[in-house]
Amino acid sequence: MPPAANFVSHAVTIGVLAVTTAASASEPLEEVRVAGTREPGLETKALSIARHTEFEERLPRSAPDALRYEPGVFVQQTAHGQGSPIVRGFYGSRVLIAIDGVRLNNATFRQGPNQYFFTLDAQTIDTITVVRGGASTLFGTDALGGAFLVKPLAPAFADPGKQLSIHPKVHGQFRSADSQWAGRVSTELRTEKVAISVGAGYTYASLLRAGGVVNNPSDGKPAEVPRFDRDGVTQLGTGYRIGAADATIRVKVSRDLVAIAAAQLFRQTDTPRTDLCPPPFGVVGDCLVIDEQFRTMVYVGLDGKFGPGAKNSKLRLSFQRQHEYATRTRPLSHVQNGAIDNVSTYGVSFSSETERVSLGGNTWLDFFWGADAYLDRIESTAWAKFTDTSQVFPYARGQYLEGSTYTTAGGYGRTELNVGRGLTTVIGARVGLASASLTSDTESGKPAMTPTWGASAAELRVLARPLPWLFFSFGGDHSFRAPNLTDLSQRQQTGPGFQIENPAIAPERQWTLEAGMGIRSEKVRFDTWVYRAVIDGYLTLLPKSISDCPQGLSAESCASSWSRYQLVNATSLSVMEGVEGALKLFPLPWLRVQMTAAFARGEGPNPGGSVAFKTVRETAPRVPLSRVPPANGTVDIRATLPKGMFAGASLRWAWLQSRLALSDLTDYRIPIGGTPGFAVFDVRFGYRYRQNLVILAQLENLFDSAYRSHGSAVNGPGRGISVSVEASY
Amino acid sequence: MQTSWTSLTSVNARRNPRTLCACNHWLTAGHAFPPTNGTTDATSQPLTSGAYSPQAGECRTTLMLTTPVPVGHMRSAFSLSCVVLLACETSAPGFSDSGPTGSDAPFADDGVCSLHGPVTVRTCTTSANDYTPRVASSKGTRFPICISDDNVYHPINPDVPSNSRIAAVEEMAKLLKFDGSARPTSDDFLKARVLYTQPEGLDSRVQRREDIHFAKATVNGVPKECKDMTPEERAPFADRCAGPEKLIPLINDALAKGAVGTDVTLQAARMEAAMVWFMWLSFYKESQGCFGDPGQCDSTSAYWGGQQDVNAAPLGYGKIVRNFSDESYRRGWDAVLAIRCAYDYGTAQPSAPDLAAVKEKARDQIDRMNNHALALFVRSKIAAMPCDAPYESLRTLGPVLDVVARAIDPAKADMLKAEFQKPAAQFNRDGVLAALDELFGCP
């Protein structure tokens, strides 16, 4: 069935089901939150919030998966056990992730989609605020496409006068599509002054069954990745296991201040890269596995009022360690290429706001300010091991240059001038720097170097509320992304080909104009935003010749690849523009309908060069940007039924994406001719008893559609059932 | 043959053999992946011990102890800290010392035998259907007017990755002294193996190389590529799946034994034979695929000359042939240019009535050239007998010619097949040389 017909058919079905489910509900409307968020000063920006209660009912497979229903967000997966949210067409190191005010991004985040958002345990997340559009003023480098601000579940203090109370919680779930079992136990200890939570969970996922093979739009043949088992639906190179644990202690140190100490540990093992297990033209058994994807995060801090100029403050001292151990095994030849890359990050951040300053009449001023600094230190090594002789041969270097460091630091101020409740003007600016310290490369004889860049950002926004329920917003933003160690020094095989490092890269600087309008009423919540981001120095992939390959052992691997490329700054401006919207309706007290839709279009100058990407040579002066999602959206209906029961249905859809960058044409994750559109339909039914018990059953991909998100190497799950039980006291 | 639907997943799923610290066992114990089936690393038996220092899996969690603590308590504390922190990370394995790891004992051939014997190539007339770009007067007569008529190979893409594979073969030839100039050391073999197994390098192509002289392999009657088959499925199609079924075991064995110093001269000869076999397969396979994938036209030239300049010093396959006969080497380029010519003709005139015939002529020319080249190599090894290393090469490569010999003269093919199975002492050296000359004497 063509994608359009498929979509229409599913849309009709959801309409029918919506009427059916709507017929039998009677509970009061859930609270409608009109305000945006208390992330400092973000109310005037395009944003949305994904909440834990929604996770409980939609059963996301991962933290990225939890964002599928957020407007402007699209989720790409290179592997079953990986996921990368794309916001406004930006992904990887062009989007910032922060956990409770601590920056997750480090200097090894690729400009392509990466797996790091997957290292958050969705079960431990309270909310994820999705900030769309440039946000470097508040969050520093990387926040070009936006920011994902993760607020973990935190233990609550006991009500005044209450004694120590203990609140255990157990959660378990099963999914049939990948025979996934997951469980988590946690408990909270609450007193008036001290609150503690500890928890641990485990997830095991086996091979993922898809609805079937996704075919190339151009020739109708099966796409090269993923590879399937003989049944035609079981995807090779899938499955993973995860152990996660966390602990948080909050202590009231004074009337205005709460001290916090928290630790998060994420241990993911045995995660094959679906596109390389086996590779498109490799022999069955050839497999790249992320044996260990570990994240450790420890931080301490203070929340509250530090003084008259610092209320609603957040101070964080943090340490993070990211550990990746990957092996590419070719059992036929008894060889295993191994690599270990570790990043230790030390950080300090502070954000705050002053007391409100009244300027007379209905006019007042809020001032937000903060500063942050992070230092990354890299360990990187690689080797070849011959398993029949047990010999191990060390390579001269790993993906990165061992001992390299990266520093980013800055401070910002942001003023909100409010004239009554009808007009808000926001002006903000940040100054800072980023500096990389690259050690010398013994393999290719390149000397050590320490490039440093100024990192400034600014924003100006105006929000008008002509009516209490109607707002208009218009704003401009200047954000930046300094090159990181991956951009400057990474040397490895990637989806589009062999990446040759380029230590001469300059920062990306982006100017965004966006306009939005919204409605906030009891029955309707509506947002729509249009934007146009212009990026100077956008990092793009320039095809390189074999003669450009580095010296040393990498030369053979580089020269033998289908294609080679180097990250370079585009020679003229690149553009990302689009429109997105979200509508939430509460037509009846027991019924909620929400819809999202987004469209983004990116283009930049043809990177040119004299070399073709494999055999592809494009002569047009401007070409699409890589992996920009197609038009996509969601529909979700939720009906509250009697006696604590609820039902829901949802549709996720995407159109064909055939606007491909040059590098997309050689990336086997993208079918030849683009990624076909899809419409996937889920239904769910559940029971909730207060906050103590949630039981949920979900029928996933009702029509067993064969589909995949654009840029992904793994097809979406086929039809299956998911069951979840959560009990707490 | 009925195949279990789980067969591919059981090959695909694998465990990485590594030492894990205690706190990782809870993540890995009871692993639900099916057990490996003998093709994976976990079941590979080391040929030697002592080269590898099993330091992988050291736990980074350390306990600072200032007073003596009973071992049991220490273990408990260690385990507890691991469990609490869950922070154990696998660290890089201990690296092997360089230098000989085996006996490197002298081999019987050392200093006694030449690895290559002399080969006399008779003067051959050119087939009436052959493309002859070196003869200006033949332009437009045997083949249509085309891009190759200037006797220059015009690459379709400036970058030809296959060149790098031939460069790797050359590098291995130097490391392993294919010319017999010295004995390779076990360290040379280790380096050669590292080079051979570079990601996307030689090994990746050898693993999936098929001998397209044979019919396609099938699974349950459905044609499949060998790369998509399990070892059990491939086994009945060993001739077609020559890369994974014949070359890979040969190369693995030669490199592994060489890397621990076992009969290094003999292993080098086996590696040389394996590389020639690979180039013979690849030269033919790429040439036949050229009309569907232009990149394979360039690869054809790469497998012949290691580069695309007809007049430059050749590498790899062409270099070997030129050692025996410059004219044969030139005829190789004629054949490559014939393929390029036919591709050009097909691109310019896709509906030309004689296009199919032109392509067939080009294919035939390159096929004959390829077999002639391999036969020259085999003949040089016969000429170098009775030494063991050349005989090993001969025993490896002689049977490869069976499929093409049988298509020309089944009786001679039978004779050759029988001879290549005999011990060296009973080998009919002159008879085989004569038969090879009759079958493949002229390109």
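Trainee: Why is Pro676(A) called buried?

Mentor: In this predicted model, Pro676(A) has 24 other C-beta atoms within 10 Å, and since a residue counts as buried if 20 or more lie within that distance, Pro676(A) is therefore classed as buried. Its place in the chain is the loop between helix 6 (662–665) and strand 35 (678–689) of chain A.

Trainee: What makes the size of chain A agree with that of a compact globule?

Mentor: With 729 residues, a compact globule would have a radius of gyration near 27 Å, and because chain A has 25 Å, the value agrees. The C-alpha atoms of this chain fill a box of roughly 70 × 55 × 50 Å along the principal axes, and buried residues account for 57% of its 729 residues. As for its secondary structure, chain A holds 6 helices and 37 strands.

Trainee: Which strands of the open sheet with the order 24-25-29-28 in chain A are called edge strands, and why?

Mentor: They are strand 24 (492–493) and strand 28 (539–543) of chain A, each of which pairs on one side only. The sheet has 4 strands, and its pairing is mixed.

Trainee: How do you know that strand 25 and strand 29 of chain A are paired?

Mentor: Pairing requires at least two bridges between two strands, and 3 bridges join strand 25 (residues 498–500) to strand 29 (residues 564–569) of chain A, so the two strands meet the requirement. They run parallel, and the bridge partner of Ile500(A) in strand 29 is Gln566(A).

Trainee: Turning to chain B, what makes the contact between helix 5 and helix 8 of chain B, and at what angle do they pack?

Mentor: Helix 5 (residues 186–196) and helix 8 (residues 242–259) of chain B pack at an angle of about 140 degrees, with their axes 7 Å apart. Helix 5 of chain B contributes Ser186(B), Phe189(B), Leu190(B), Ala192(B), Arg193(B) and Tyr196(B), while helix 8 of chain B contributes Leu255(B), Gly258(B) and Ala259(B). By class, the residues of this contact divide into 6 nonpolar, 2 polar and 1 charged, and Gly258(B) is counted as polar because glycine belongs to that class by definition.

Trainee: Which residues of helix 11 of chain B are buried, and what do they pack against?

Mentor: The buried residues of helix 11 (residues 316–324) of chain B are Gly316(B), Tyr317(B), Gly318(B), Ile320(B) and Val321(B). They pack against several helices of chain B, among them helix 4 (161–175), helix 9 (264–289) and helix 13 (355–383).

Note on methods
Residues are numbered from 1 along each chain as its sequence is written. Chains are lettered from A and ligands numbered from 1 in the order in which they are written. This is a predicted model: local features need pLDDT of at least 70, side-chain atom pairs count only at pLDDT 80 or more; totals for chains, interfaces and linings use all residues. A residue is buried if 20 or more other C-beta atoms lie within 10 Å of its own, exposed if 12 or fewer, and partly exposed in between; C-beta atoms are placed from the backbone. Two residues are in contact if their C-beta atoms, placed from the backbone, lie within 7 Å. Axes are lines fitted to C-alpha atoms, for helices over the stretch in contact, and angles run from 0 to 180 degrees between N-to-C directions. The radius of gyration is taken over C-alpha atoms; the globule rule is 2.2 Å times the number of residues to the power 0.38.
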